[in-house]
Amino acid sequence: MEQKSVFELILSGELDSEIIYEDDEIFAINDINPVAKVHILIIPKRKIETINDTSLEDQNLLGKMILVAKDLAKKHNINQSGYRLLFNTNSDAMQTVFHIHLHLIGGEKLKNI
Ligand code: AMP
């Protein structure tokens with residue numbers, strides 16, 4: 001059987017982490033190594049390894065991930081001050097967990113990218 005991703009281990013309770021949002025398709029956790037005051041990962045429950053592996057049938061899921069991120073930004077009171085949403089894909093972008101996740105980063109002035 002294919003090895004579980006760290007996020008699947010968290011979802012199944014085999015690895016400890018506080019799930020700060022959950023619905024039938026998506027969950028969210030605080031990043032263990034935050035790069036800013038707010039750093040949340042929005043993750044589909046179904047493992048998709050990279051954005052390259054998505055297709056038209058994932059469009060609702062991907063859209064919903066952005067809407068969940070927007071709601072979490074508001075909940076953390078950073079919707080007006082600003083935030084960044086990003087997917088890292090493969091090695092040049094330094095993707096380390098091969099189970100797609102949307103980074104929500106904010107709560108302070110971010111460096112230009
Ligand atoms: P990426 O580099 O885009 O693949 O991002 C993976 C992210 O997952 C990194 O920001 C890590 O800090 C984060 N991460 C890895 N393991 C855990 C964990 N157990 N709990 C929360 N975040 C994690």
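**Exercise 1. Work out whether Glu-25 is buried, partly exposed or exposed, then find its salt-bridge partner.**

*Solution.* Keep in mind that this is a predicted model.

Step 1: Start with the number. Glu-25 has a relative accessibility of 33%. Buried means under 20% and exposed means over 50%, so with its 33% Glu-25 counts as partly exposed.

Step 2: Now look for a partner. The side chain of Glu-25 meets that of Lys-64 in a salt bridge, with 3.0 Å from N to O. This pair ties together distant parts of the chain: Glu-25 sits in the loop between β1 and β2 (26-30), while Lys-64 belongs to helix α2, 39 residues apart.

Step 3: Check Lys-64 in the same way. Its relative accessibility is 26%, so Lys-64 counts as partly exposed too.

**Exercise 2. Find how many salt bridges the whole structure holds, and look at the ones made by Lys-45 and Asp-71.**

*Solution.* Here's the general idea: side chains of opposite charge can pair when their charged atoms come close.

Step 1: Get the total. Searching the whole structure turns up nine salt bridges.

Step 2: Go to Lys-45. Its salt-bridge partner is Glu-22, and the closest N and O atoms are 2.9 Å apart. Again, distant parts of the chain are linked: Lys-45 is in the loop between β3 and α2, Glu-22 is in strand β1 (residues 19-22), and they are 23 residues apart.

Step 3: Check how open these two are. Lys-45 is partly exposed at 23% relative accessibility, and Glu-22 is partly exposed with a relative accessible area of 47%.

Step 4: Move on to Asp-71. Its side chain meets the side chain of Lys-70 in a salt bridge of 4.0 Å, N to O. Asp-71 is partly exposed at 47% relative accessibility, and Lys-70 is partly exposed at 43%.

Step 5: Look for salt bridges that share partners. They join Asp-23, Asp-24, Glu-25 and Lys-64 into one network.

**Exercise 3. Decide whether strand β5 is enclosed or open, and find the strands that pair with it.**

*Solution.*

Step 1: Count the buried residues. β5 covers residues 102-106, and five of the five are buried, so the strand is largely enclosed by the rest of the structure.

Step 2: See which way they point. Leu-102, Leu-104 and Gly-106 point one way, His-103 and Ile-105 point the other way, and all are buried.

Step 3: Find the pairing strands. Strand β3 (residues 38-44) is joined to β5 by five bridges, and the two run antiparallel. Strand β4 (residues 83-86) is joined to β5 by four bridges, and this pair runs antiparallel as well.

Step 4: Pick out residue pairs. His-39 has Ile-105 of β5 as its bridge partner, and Leu-85 stands opposite Leu-104 in β5.

**Exercise 4. Name the residues that form a nonpolar patch on the surface with Leu-85.**

*Solution.*

Step 1: Find the members. Ile-66, Tyr-83 and Leu-85 make up the patch, with about 230 Å² of accessible area together.

Step 2: Take a closer look at one of them. Ile-66 lies in helix α2 (residues 59-75). Its relative accessible area is 43%, so Ile-66 is partly exposed.

**Exercise 5. Describe the surroundings of the ligand.**

*Solution.*

Step 1: Count the neighbours. The ligand is surrounded by 17 residues, and the closest are Asp-31, Asn-88, Thr-96, His-101 and His-103.

Step 2: Check the polar backbone atoms. One of Ile-32 is 3.1 Å from a nitrogen atom of the ligand. One of Met-94 is 3.0 Å from a ligand oxygen atom, and one of Val-97 is 2.9 Å from a ligand oxygen atom.

Step 3: Ask how covered the ligand is. Taken alone it exposes 500 Å², and the protein buries 84% of that.

**Exercise 6. Compare the exposure of Lys-109 and Ala-93, then give the distance between their C-alpha atoms.**

*Solution.*

Step 1: Place them. Lys-109 is in the segment after β5, while Ala-93 is in the loop between β4 and β5.

Step 2: Sort them by exposure. Lys-109 has a relative accessible area of 82%, so it is exposed. Ala-93 has 29%, so it is partly exposed.

Step 3: Give the distance. The C-alpha atoms of Lys-109 and Ala-93 are separated by 21 Å, with the two residues 16 apart along the chain. For another pair, take Ala-93 and Phe-7: they are 86 residues apart along the chain, and their C-alpha atoms are separated by 19 Å.

Terms used:
Residues numbered from 1 in each chain as written. Predicted model: local features only at pLDDT ≥ 70, side-chain atom pairs only at ≥ 80, totals over all residues. Heavy atoms only, no water. Buried < 20%, exposed > 50% of the residue type's maximum accessible area, 1.4 Å probe, protein only. Pairing = 2+ DSSP bridges. Patch = residues over 30% accessible without salt bridge, like charges linked within 9 Å, V, L, I, M, F, W, Y side chains within 5 Å. Areas by Shrake-Rupley, 256 points an atom, 1.4 Å probe, with all protein chains shown as cover. Near = heavy atom within 4 Å. Polar contact = N/O pair within 3.5 Å; in protein donor to acceptor, adjacent residues only side chain to side chain.
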